[in-house]
Amino acid sequence: MLGKLQHEAVIDVPANVTWQLFGSLELGRIVGEQLPNLFEKIELVEGDGGEGTVLNLIFAPGLGTSSYKEKFTKIDNENRIKETEIVEGGFLNIGFTLYRVRFKIIENGEDKCIVETTIEYEIMEEAAANASLVTLQPLIEIVQLANNYLLHNKNPK
């Protein structure tokens, strides 16, 4: 069974500045520091932020899963697209065969952009009920955090 969820949010910062954050490891650093309700910590397992980079996401207690590893499978600087896939743990332990997150940064005038967030997944038929666990809410919180961060730090590292 295939599934897809999508959300768009306006960020009050130019697309190129927003991409500097989303296209790098910096986003994981600030999320790990500033969203303790979601993440206990985010660890770099391997890589430098480019394709092939692997992060270990350790969730706050009580969120239903303790951790999973995700791999950066696509970093497209020209089109401002970053894709990650879970490669160990998390949704893969409950019948999902694919769980992909995509951030796409779209220009929206000189001083704004749109962050299009997409979750795509495949799940085995016998685990189809677990598809109800997929939610955009954590990603919406990450985009809101990014907007606030960028408004106060227009030159991310």
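Which residue in β6 is the bridge partner of I81? The structure shown above is a predicted model, and the strands around I81 provide a route to the answer.

Strand β5 covers residues 81-89. Seven of its nine residues are buried, that is, under 20% relative accessible area. Strand β5 is therefore largely enclosed by the rest of the structure.

On one side, β5 is joined by eight bridges to strand β4, which comprises residues 67-76, and the two strands run antiparallel. Within this pairing, I81 of β5 stands opposite D76. Strands β4 and β5 form a hairpin with four residues between them. One residue of that turn, R80, has a positive phi of about 55 degrees.

Strand β5 also pairs with β6, residues 96-107, through five bridges, again in an antiparallel arrangement. Here the opening question is settled: the bridge partner of I81 in β6 is K104. A hairpin is formed by β5 and β6 as well, with six residues between the strands. In its turn, G90 has a positive phi of about 55 degrees.

The three strands also contribute to the largest pocket. At least two residues of its lining come from each of β4, β5 and β6, and likewise from each of α2 (26-34), β2 (39-46), β3 (54-59) and α3 (137-152). The space in this pocket amounts to about 750 Å³. Its lining consists of 32 residues, and those nearest the centre are F39, F59, Y68, Y99 and P138. By character, the lining of the largest pocket comprises 22 nonpolar, seven polar and three charged residues.

Methods. Residues are numbered from 1 along each chain as its sequence is written. This is a predicted model: local features need pLDDT of at least 70, side-chain atom pairs count only at pLDDT 80 or more; totals for chains, interfaces and linings use all residues. Side-chain values use heavy atoms; hydrogens and water are left out. Buried means under 20% relative accessible area, exposed over 50%, partly exposed in between (1.4 Å probe, protein chains only). Two strands pair if DSSP finds at least two bridges between them. On a 1 Å grid over the protein atoms alone, a cavity is a set of points where a 1.4 Å probe fits but cannot get out, and a pocket is an open set with protein on both sides within 12 Å along at least five of seven lines; lining residues have an atom within 4 Å of a point. Grid points are joined across faces, edges and corners, and a volume is the space filled by probe spheres set on the points. Ala, Val, Leu, Ile, Met, Phe, Trp, Tyr, Cys and Pro count as nonpolar, Asp, Glu, Lys and Arg as charged, and the others, Gly among them, as polar.
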